[in-house]
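Here are a few short exercises to work through with the coordinates open. Try each one yourself before reading the solution.

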Amino acid sequence: MSPPSRRLQTKPVITCLKTFLISYSLIFWFTGVILLAVGVWGKVSLEAYFSLVSEDSTNAPYVLIGTGAIIVVFGLFGCFATCRGSPWMLKLYAMFLTLVFLAELIAGVSGFIFRHEIKDKIGKAYESAVMTYNGTDSKSKAVDTLQETVDFCGMKNFSDWGKTDYFKTHGIPTSCCKTNSNNCTEENLKNLGSAGTVVFPQGCFSLVTSMLESNLGVIAGVSFGIAFFQVIGIFLACCLSRYITNNQYEMV
């Protein structure tokens with residue numbers, strides 16, 4: 001049994017650790033809510049866009065929903081374990097955060113190693129959507145919305161549309177037209193020579209890849225910050241568990 005004076009000295013430390021860990025767990029819980037909401041929104045509103053980058057049905061929304069739900073549950077569990085002052089609960093919470101950290105690390109490393117394969121797969125899937133464009137189905141409408149929103153045309157550039165069956169009868173889709181262009185007529189859209197002045201010149205694939213490559217350092221920094229956030233939670237949970245165990249401190 002520790003002397004009363006020692007237990008009194010450690011109480012402020014434990015209280016401080018609990019405050020930090022509860023704050024951390026609430027932030028962790030909130031990130032789970034965001035992932036859950038994004039997953040549900042993606043499943044409801046972005047199904048057509050997911051189909052553009054994958055020939056098969058994608059499980060991305062379900063992964064976000066499942067991950068968000070698990071984080072919400074364990075975020076609440078972390079708050080409960082901290083308030084309860086249970087060492088084994090805190091160790092279990094730290095183990096879960098460790099698994100999350102390892103999963104993020106593996107996903108990040110895998111994404112970096114296989115980035116070229118992922119890029120090629122996305123490129124082929126989007127190229128297929130352009131080649132089979134008819135202006136009426138869900139994939140075609142998704143292509144139109146993306147071209148109008150992000151201001152691009154085709155996969156690599158606007159001339160990609162010249163290889164499609166749609167171009168032979170309709171020309172380049174009107175979703176490629178520049179917003180300030182008054183000469184975006186069917187005649188110009190059927191002529192690749194004159195279309196270059198009235199449509200967006202850059203394609204989706206080249207735009208996205210150049211943006212990712214130019215911001216690779218920022219993406220790496222954000223990924224490192226997210227991973228470091230899990231390390232903070234692991235450190236706080238382990239320290240609190242150790243203090244409670246060593247000093248036989250219990251919160252009534």
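**Exercise 1.** Decide whether Leu102 is buried, partly exposed or exposed in this predicted model, and find the helix in which Leu102 lies.

*Solution.* Start with the accessibility: Leu102 has a relative value of 39%. Buried means under 20% and exposed means over 50%, so Leu102, at 39%, counts as partly exposed. Next, place Leu102 in the fold: this residue belongs to helix α4, residues 87-113. Finally, look at the surroundings: Leu102 is part of a nonpolar surface patch, together with Leu99, Leu105, Ile106, Val109, Phe112, Ile113 and Phe114. The accessible area of the patch is about 780 Å².

**Exercise 2.** Classify the ring pair formed by Tyr24 and Phe28.

*Solution.* A search of the whole structure gives seven aromatic pairs. One of them joins Tyr24 and Phe28, with 6.0 Å centre to centre and 10 degrees between the planes. Planes under 30 degrees apart count as stacked, so this pair is stacked. Both residues sit in helix α1 (residues 4-45), four residues apart, about one turn of the helix. Tyr24 is buried at 4% relative accessible area, and Phe28 is buried at 2%.

**Exercise 3.** Do the same for Phe74 and Phe77, then find the cluster that contains them.

*Solution.* The ring centres are 6.0 Å apart, with 70 degrees between the planes. Over 60 degrees counts as edge-to-face, so that is the label for Phe74 and Phe77. The two lie three residues apart in helix α3 (residues 60-84). Phe74 is partly exposed, at 24% relative accessibility. Ring pairs link Phe74 and Phe77 with Tyr24, Phe28, Phe96 and Phe229 into a cluster.

Conventions. Residues are numbered from 1 along each chain as its sequence is written. This is a predicted model: local features need pLDDT of at least 70, side-chain atom pairs count only at pLDDT 80 or more; totals for chains, interfaces and linings use all residues. Side-chain values use heavy atoms; hydrogens and water are left out. Rings of Phe, Tyr and Trp (its six-membered ring) pair if their centres lie within 6.5 Å; planes under 30 degrees apart count as stacked, over 60 as edge-to-face and the rest as tilted. Buried means under 20% relative accessible area, exposed over 50%, partly exposed in between (1.4 Å probe, protein chains only). Patches are made of residues with over 30% relative accessible area and no salt bridge: like charges are joined within 9 Å, nonpolar side chains (Val, Leu, Ile, Met, Phe, Trp, Tyr) within 5 Å. Accessible areas come from the Shrake-Rupley method with a 1.4 Å probe; for residues, only the protein chains shown count as cover. A salt bridge is a side-chain nitrogen of Lys or Arg within 4 Å of a carboxyl oxygen of Asp or Glu.
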